[in-house]
Amino acid sequence: MLRRAVTFALLTVILDLYWCYDQDYIPQRRPIYLESEVGSYVVFNCRLDFPLDTPIPYVLHWNKDGKNVFSWYDGVLSASDNFVGRINLLDHEYGPMGKASVNLTALRESDSGWYQCKVIFPNRTPNTRGNGTWFHLTVDGRHNLLKVPPINLTVTEGEDAFFHCTLKHPDTSRVKWWQRGVLLTDIPHVKSRSIITPDGNLRISPTTMSDIGEYFCEITDDLRNEKQLARAYLNVQYKAKVIYAPPEVYLPYGQQAILDCHFRANPPLTNLRWEKDGFLFDPYNGVFYKRNGSLFFSKVDDSHAGIYQCQPFNDLGTDGKSPLINVVVQHPPTITVKPKPVYIHKLGDTVEMSCDARDTKGLHRPHIYWTRKDGVALPYDRSSTHGGNLTIEKIVESDRGIYQCSVTNEAATVTADTELLIETLSPRPPFNLTANSTDTKITLRWIPGSVARPSITYIIWYRLAEAAEWRTLKVPSRHSMEATVNNLEPGKEYEFMVLGQDSYGDGIFSKAFRYFTKPRDFKDAQHYRDPIQQFAQIGPPRNLSVDQTPDGNYLVTWDPPEYGKDLLKIYLVRWWLEPKHTLHGTAETRQTQYHVSQLDEDELYIFQVFSLSISDYEAGSNEFEIYVPPYRRMRAIAIGTAAGLIFLLIALLVFVYMRRKWFDSIQNSTEKMSH
């Protein structure tokens, strides 16, 4: 034991000599003279060669005119009253500056004098080596109106803030205080808590979070015809607090949504906790934390409804929980009463268009409003709404058009269209349709409904008698009352309607008219009726789905269309980024599957596949929605958890091993003593 003590003492002496004599600070023998102006700053460069975290204890002192003004010991800084907030140890990144150098800011005339840098070693005799470096500072105050300028302050909310702006000539000078460019006397919430002393200083008592900002002290001396401006920044720190919480929030069912916690924190936020129905809420089931603490719902469902509260924290703590937030899951609305497809009235009539709606569960009535699809405003003096119904009185020519009833709530918006036609304005429907045919075409003839209006354009609507899709053919000549429809199938029955258009828009369809093409082998045309063929069109892909593969990519699969497979040209795969519905990618393939890679994490996508026929007809499949979770963040959490478990396991094994070894050593000692 004695040998160890002696060895330790010798090592201590050697280290002490090494640090304190070979790597001590090197004092400057000749004084250094510095000059600066009031309000500026100065750097006292004092060389210190050994690191600040040396194992040998020491104290760094800065003296002014023989009195200590600044000290550093064991990482703790202290300064005298006149130098608090103005003198700091210089950052180590200042390169050639010594490690004992300090920066003195917001200079005053009273800062002039002799400064000395000195290092004291309390555990060494002698405790200092030589005299420290001497500096002489001269602060030029010839044109200065300030005795003590303001400095930056950091206070805690509720404490007083005191800014110096001590006048050098109080008898001839006057002072004004500004905050962010506005006179303090013009800011009621600050004026009521602030006092400007006769010598120009400002006190704000108590401070609030809204007081943060830059303050200006403006001094005017009429006798000397001079003006001076000094500035300082007030930083008010406070506990993290909720500043706003809506009493009720609606989340759209089946869509993405965000529940925000509106807070402020200085220092910055360190943690944010959510509660649901009085219990700590741990996000799950498609709910994630965003970086600002908000809750992100990837797909809202009924389980997300409830009473929420948030509570923010920072280094000072928390100001408490938010008020209760009632989260309601809002289902999309359903139109229960739709307007008629067409309303036909005469000039001067009154029309009432009906519309009503409820949400899916029938609990709430959504907002209902009417617009015109062409963007023209409703006549404010002749239109009114009652419930969901729109009434237009004394109809005029300009009222003709397509109207839209929009039903909206927080979940979605659905619409229903209707058209208002005026009998005396719209072209009357053509009538007395006749036709003749060949095996591949039908020539159709009609009599116009409005003989006195030659500006009417006609459009032929036609389809196979059993088909769902219509095709159109515009008659090129306005004076022609017949048209030939080509490229038809032999022995098939087709249905026709003729529509007239003028400058006011569409008129009224003629009555439906059916006619057969002639068969090529002159069999009964009824034999050739085939409801499946639809103008050489193709059906949509079916049963679209998107699944993740083991390699982290995504496989899009679908079934071929029910009809028209022999006319398939290619499949078009498209996917959009939601909720902005931005096209993110597209691909072409003749297979019924496609691999998609490099989808962004924490994003929602919608996929759809289209079958394209040889005649360039498109048919779209069902839409498939998929959310890509934030795997990187989840992997990082999993790796961190695994590493922690491994560390605990190793520590446990080491503890068991050391304990067993200790027991073995005790047992061996006992056996030796017994022998």
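These are my notebook entries on a predicted protein model.

**Entry: the whole chain**
I started with the overall make-up. The protein chain holds three helices and 53 strands. I then looked up how much of the chain is covered: of its 675 residues, 41% are buried. For the outside, I found an accessible surface of about 38700 Å², and carbon and sulfur atoms account for 54% of that. I also checked the contacts between residues at least 6 apart in sequence, and 62% of these join residues at least 24 apart.

**Entry: empty space inside**
Rolling a probe the size of a water molecule over the atoms shows where empty space is left. How many cavities of 30 Å³ or more are there? I got a count of two. I picked the second largest cavity for a visit, and about 30 Å³ of space lies in it. Its lining is made by Lys276, Phe281, Tyr284, Asn285, Ser303, His304 and Tyr308. Sorting that lining by type, I noted three nonpolar residues, three polar ones and one charged one.

**Entry: a look at Ser406**
Next I went to one residue, Ser406, which sits in strand β36, spanning residues 401-408. Is Ser406 buried or exposed? I noted it as buried because its relative accessibility is 3%, and buried means under 20%. Which residues touch Ser406, once its neighbours within four places in sequence are set aside? I listed His367, Ile368 and Tyr369, along with Thr413, Val414 and Thr415.

Note on methods:
Residues numbered from 1 in each chain as written. Predicted model: local features only at pLDDT ≥ 70, side-chain atom pairs only at ≥ 80, totals over all residues. Heavy atoms only, no water. Helix = DSSP H or I, 4+ residues; strand = E, 2+ residues; numbered from the N terminus. Buried < 20%, exposed > 50% of the residue type's maximum accessible area, 1.4 Å probe, protein only. Contact = heavy atoms within 4.5 Å. Areas by Shrake-Rupley, 256 points an atom, 1.4 Å probe, with all protein chains shown as cover. 1 Å grid on protein atoms, 1.4 Å probe; cavity = no way out; pocket = protein on both sides within 12 Å on 5 of 7 lines; lining within 4 Å. Points joined across faces, edges and corners; volume = space filled by probe spheres on them. Nonpolar A, V, L, I, M, F, W, Y, C, P; charged D, E, K, R; others polar.
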